[in-house]
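Visitor: I am new to this structure and would like a close look at a single part of it. Please pick one helix and set it in its surroundings.

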Amino acid sequence: MTDMSELPTRTTRATCCYCGVGCGVLIDHEGSRIVNVRGDPDHPANFGRLCTKGATLHLSAQPQSRALYPELRSSKEAARQRVSWDAALDHAAERFAATIREHGPDSVAFYISGQLLTEDYYVFNKLAKGLVGTNNVDTNSRLCMSSAVVAYKQTLGADAPPCSYEDIGLTDCLLIAGSNTAYAHPIVFRRVEDARSARPHMKMIVVDPRRTDTAAGADLHLAILPGTDIWLYNAILNVLLWEGYCDNAFIRDHTEGFDALREHVREVTPAVAARVCGVKAEDILTAARWWGEAPAAMSMWCQGLNQSTHGTHNGAALIALSLATGKIGKPGSGPFSLTGQPNAMGGREVGGLANLLSAHRDMANPAHRAEVAALWGVDTVPDKPGFTAVELFQAVRAGKVRALWVACTNPAHSLPEQSAVREALAACDFVVVQDAYTNVETAAYADLLLPVATWGEKEGTVTNSERRITHVLPALDAPGEARADWRIGRDFALALGPRIGRPEAARMFDYPTPEAVFAEHAESTRGRDLDITGLTYAVLDEQGPQQWPFPAGAERGRARLYENFRFETPSGRARFVVPTQAITAEAVDAKFPLHLTSGRLRDQWHTMSRTGKVPQLYNHVEEARIDMHPEDMERRGLKDGQLVRVKSRRGAVVLRARATDEVRAGQCFVSMHWSSTVLNSPGVNMLTPSNFDPFSKQPELKHAAVNVEKVDLPYQALMLRSENDDAAATARALERLESLAAWLPRFAYASLAMAGREHPAVVLRIAHDSPIEQELLDQLDRIMGLDDERCSFYSDAARGITKRALIDGEVLVGIRLTGETAASGWLRDAIVDRLPAEELRRWLFAPLAQPPASAKSRGRVVCNCLNVSENEILAEIKPGCTFELLQDKLKCGTSCGSCVPEVRRMLAAGRAAA
């Protein structure tokens with residue numbers, strides 16, 4: 001066995017694989033292991049900073065649940081078996097070819113991902129549109145960025161964010177709409193904090209129904225009702241017009257369509273909008289005046305605007321504020337959409353959506369189609385838009401699409417109306433899933449599972465929110481037989497081509513390396529708004545990450561677009577759009593009286609296939625929950641921490657209720673991350689509707705009308721097992737986690753989590769409507785290692801109570817409470833905090849809701865980097881305490897800074913209470 005301590009540590013440059021900020025990372029690796037990650041101080045996206053998720057990327061690089069070999073099943077009822085790559089690709093090619101011959105090219109489809117590299121995206125886009133002859137290639141970027149794409153195209157003429165991150169430090173007024181930037185894009189929010197510190201006069205306005213950490217730190221928080229964004233922006237424009245803040249010369253010389261919009265907003269006064277939006281008219285006036293008076297004003301938005309049935313018009317109405325005041329194409333000014341995935345921008349560049357063509361070309365334009373066909377060496381490319389994400393799975397369910405290829409995305413979690421999506425996957429004749437992990441929800445529906453390389457194992461490029469392209473290098477070889485995504489697409493195309501009468505596939509997909517793919521992609525952009533013909537891997541390596549456009553002969557990319565006020569429209573003028581006056585897809589009523597919104601947590605990402613493997617990332621929020629206003633809970637007779645049934649017109653889930661004034665009365669909130677790998681239900685997307693925007697086809701994932709009611713599940717259990725601090729500790733915990741996931745559907749409520757840090761722990765919570773059978777408990781005990789003969793045991797058969805505790809040495813490492821779980825909270829903390837068992841022994845089986853003096857809890861972890869807890873921070877908040885003193889004493893917020901907004905909020909609350 002190789003002594004890992006003797007292997008040299010090497011460092012490779014890459015980017016973070018989470019949000020669209022595009023942070024540069026330095027990967028330290030030894031042999032076949034990634035041992036650490038650091039922020040790249042030379043990368044202009046983050047200058048060395050990382051958030052809690054990025055800073056723990058190396059901890060997510062675990063072998064558990066990795067797909068290592070191709071697996072194929074002979075029927076829907078059979079288990080998948082390992083096969084060779086040749087057999088796998090030949091089988092896939094035969095099935096796709098047979099389907100195409102019998103039902104036509106539109107009977108097959110590809111559903112891909114914003115986590116693919118640009119080269120991967122390019123190959124699959126060309127495979128579908130150029131070889132197969134179908135536009136049925138869409139991506140999960142449809143769920144996050146397509147409304148922003150269309151908003152930019154409708155107003156500015158091209159999908160080109162005009163701003164850069166540097167503009168945050170140059171603006172005088174920042175309007176953040178539909179984005180909890182502090183959670184979803186923490187490194188961007190660090191720039192916001194820096195800018196406000198350096199420019200005390202700078203104003204920050206946040207538009208969000210919830211009082212998020214982002215909103216809590218704003219100079220003005222407009223807590224509008226869900227779906228009323230357009231009314232707010234129209235009212236702000238109304239004020240800008242009537243109070244003389246509009247730049248009439250800019251409007252006259254560089255825009256079109258303003259007269260119609262001016263007439264449209266004439267009667268949308270702050271008083272009118274206040275009644276619709278549920279905010280004060282004076283606050284709308286204040287926001288408008290701050291925007292109008294600011295020499296430089298900038299907006300940033302994300303999913304809160306995009307994920308709506310009028311997401312396109314949300315964006316267009318917000319962009320209109322920049323155009324009406326001429327605050328675009330200038331330092332510190334402009335509309336800036338934040339991307340939700342690491343390479344959603346790269347996918348848009350290559351045309352990786354069902355209605356796009358390469359390099360921002362228009363599918364409806366015959367000249368553009370001819371240009372792409374000539375580039376690819378084919379007679380034509382199809383002109384009919386393909387099925388977009390929601391439409392695609394509806395078509396699968398209806399039998400219109402019979403062969404489906406899913407690459408690096410998890411639709412059995414992320415799409416709305418999950419019951420219908422899962423029915424579609426189960427009914428599809430042939431499903432290929434190309435993924436790095438076997439335990440993602442969608443993998444259960446795979447007839448063919450193909451293993452892929454993932455973060456740290458791939459070469460290619462990514463483009464971040466500010467149009468900056470980075471060349472990503474692999475630190476390790478992919479494990480087992482996993483392959484790069486672009487290579488899988490290429491090899492499938494080579495196998496498929498002859499079977500569908502397209503021998504030219506050998507020429508079309510003659511890519512020996514990803515660099516060859518990038519060279520063709522770059523050539524496709526020649527003369528386009530995103531021209532990158534001046535970029536090569538060598539240029540990116542020598543000069544560092546670059547923004548587009550970067551045409552041949554350029555020395556650097558362009559930080560800011562439209563500085564000459566000429567836009568990418570036929571007339572060269574920006575366009576004002578008259579927006580809809582719609583609100584939400586479904587209204588609340590007597591049966592479903594609450595507005596449900598959804599969003600992200602600070603320390604988890606998307607479907608948790610990576611972050612869900614890192615114990616400490618659960619420490620901030622450990623269990624799926626629904627946040628409700630205390631008045632709504634009191635009205636329903638609910639208590640904080642009680643299990644409730646949340647029901648919409650599509651389905652129901654059971655969650656734990658949390659009382660908080662972060663949401664307004666009449667509203668509630670559930671995070672998007674929790675699903676079937678950690679919960680006994682598909683989570684919030686069991687509740688969300690599949691209604692989508694008519695222009696962008698992006699679904700309204702942000703809102704559903706729901707009812708919340710008590711649920712009677714009297715038979716409860718808690719199981720928790722901590723691991724010793726050794727090299728295999730995390731592996732053991734993850735094996736327990738994966739084994740337990742299969743048991744979750746057996747219960748009316750069940751949730752899984754991890755906890756701890758160096759001593760990872762697995763937490764299983766169960767609530768059921770009938771007594772939990774002893775045989776079932778015995779099996780769960782075996783998985784958790786609580787069948788150990790060293791376990792202490794307590795039983796009260798008459799009351800249906802059984803309890804087990806495992807002490808290893810002098811430390812309590814495991815507990816199982818069944819029938820009575822009052823002590824679950826402090827026992828969980830005692831195990832995670834590794835408290836000495838001697839003083840706890842006599843209390844282990846006592847029905848104590850409050851901990852004994854020897855088991856004082858640290859409370860929820862706020863600063864994950866430095867393991868600083870809520871109780872430790874609260875203990876230091878005394879008269880005279882400042883944020884700087886807190887940092888000096890506890891060091892909270894001095895590493896990645898993700899906890900800074902929450903620490904500041906706690907400090908403000910402490911001062912107010914004093």
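Guide: What follows gives the overall frame, then the helix, then two other places for context.

The model is a predicted one. It contains 31 helices and 36 strands. For 914 residues, a compact globule would have a radius of gyration near 29 Å, and the protein, at 27 Å, agrees with that. Along the principal axes, the C-alpha atoms fill a box of roughly 80 × 65 × 60 Å. Of the 914 residues, 63% count as buried. Among contacts with a separation of 6 or more, 71% are between residues 24 or more positions apart. The accessible surface is about 31900 Å², and carbon and sulfur atoms hold 49% of that.

The part to look at is helix H18, which spans residues 389-397. H18 is mostly covered, with seven of its nine residues buried. The buried ones are Ala389, Val390, Glu391, Leu392, Phe393, Ala395 and Val396. Buried here stands for a relative accessible area under 20%. What lies over these residues? The cover includes three strands, E6 (108-112), E7 (137-139) and E16 (403-407). Helix H19 (411-414) and helix H20 (418-427) are also included in the cover of H18. After H18 comes glycine 399, and the phi of this glycine is positive, near 85°.

For context, one place elsewhere is an open sheet of three strands in the order E19-E20-E21, with antiparallel pairing. Strand E19 (460-463) and strand E21 (546-547) are at the edges and have a single partner strand each, so one side of each lacks a neighbour in the sheet. Strand E20, residues 468-472, is joined to E21 by two bridges. In this pairing, arginine 468 is opposite glutamine 547 of E21.

The other place is histidine 254, in helix H10 (residues 248-254). Unlike the buried residues of H18, histidine 254 is partly exposed, because its relative accessible area is 21% and buried requires a value under 20%. Leaving aside residues up to four places away in sequence, histidine 254 touches Phe565, Phe567, Arg573 and Ala574. Histidine 221 is 33 residues from histidine 254 in sequence, and their C-alpha atoms are 32 Å apart in space.

To return to the helix asked about: H18 has seven of its nine residues buried, and strands and helices both take part in the cover.

Definitions and conventions
Residues numbered from 1 in each chain as written. Predicted model: local features only at pLDDT ≥ 70, side-chain atom pairs only at ≥ 80, totals over all residues. Heavy atoms only, no water. Helix = DSSP H or I, 4+ residues; strand = E, 2+ residues; numbered from the N terminus. Rg over C-alpha atoms; globule rule 2.2 N^0.38 Å. Buried < 20%, exposed > 50% of the residue type's maximum accessible area, 1.4 Å probe, protein only. Contact = heavy atoms within 4.5 Å. Areas by Shrake-Rupley, 256 points an atom, 1.4 Å probe, with all protein chains shown as cover. Pairing = 2+ DSSP bridges.
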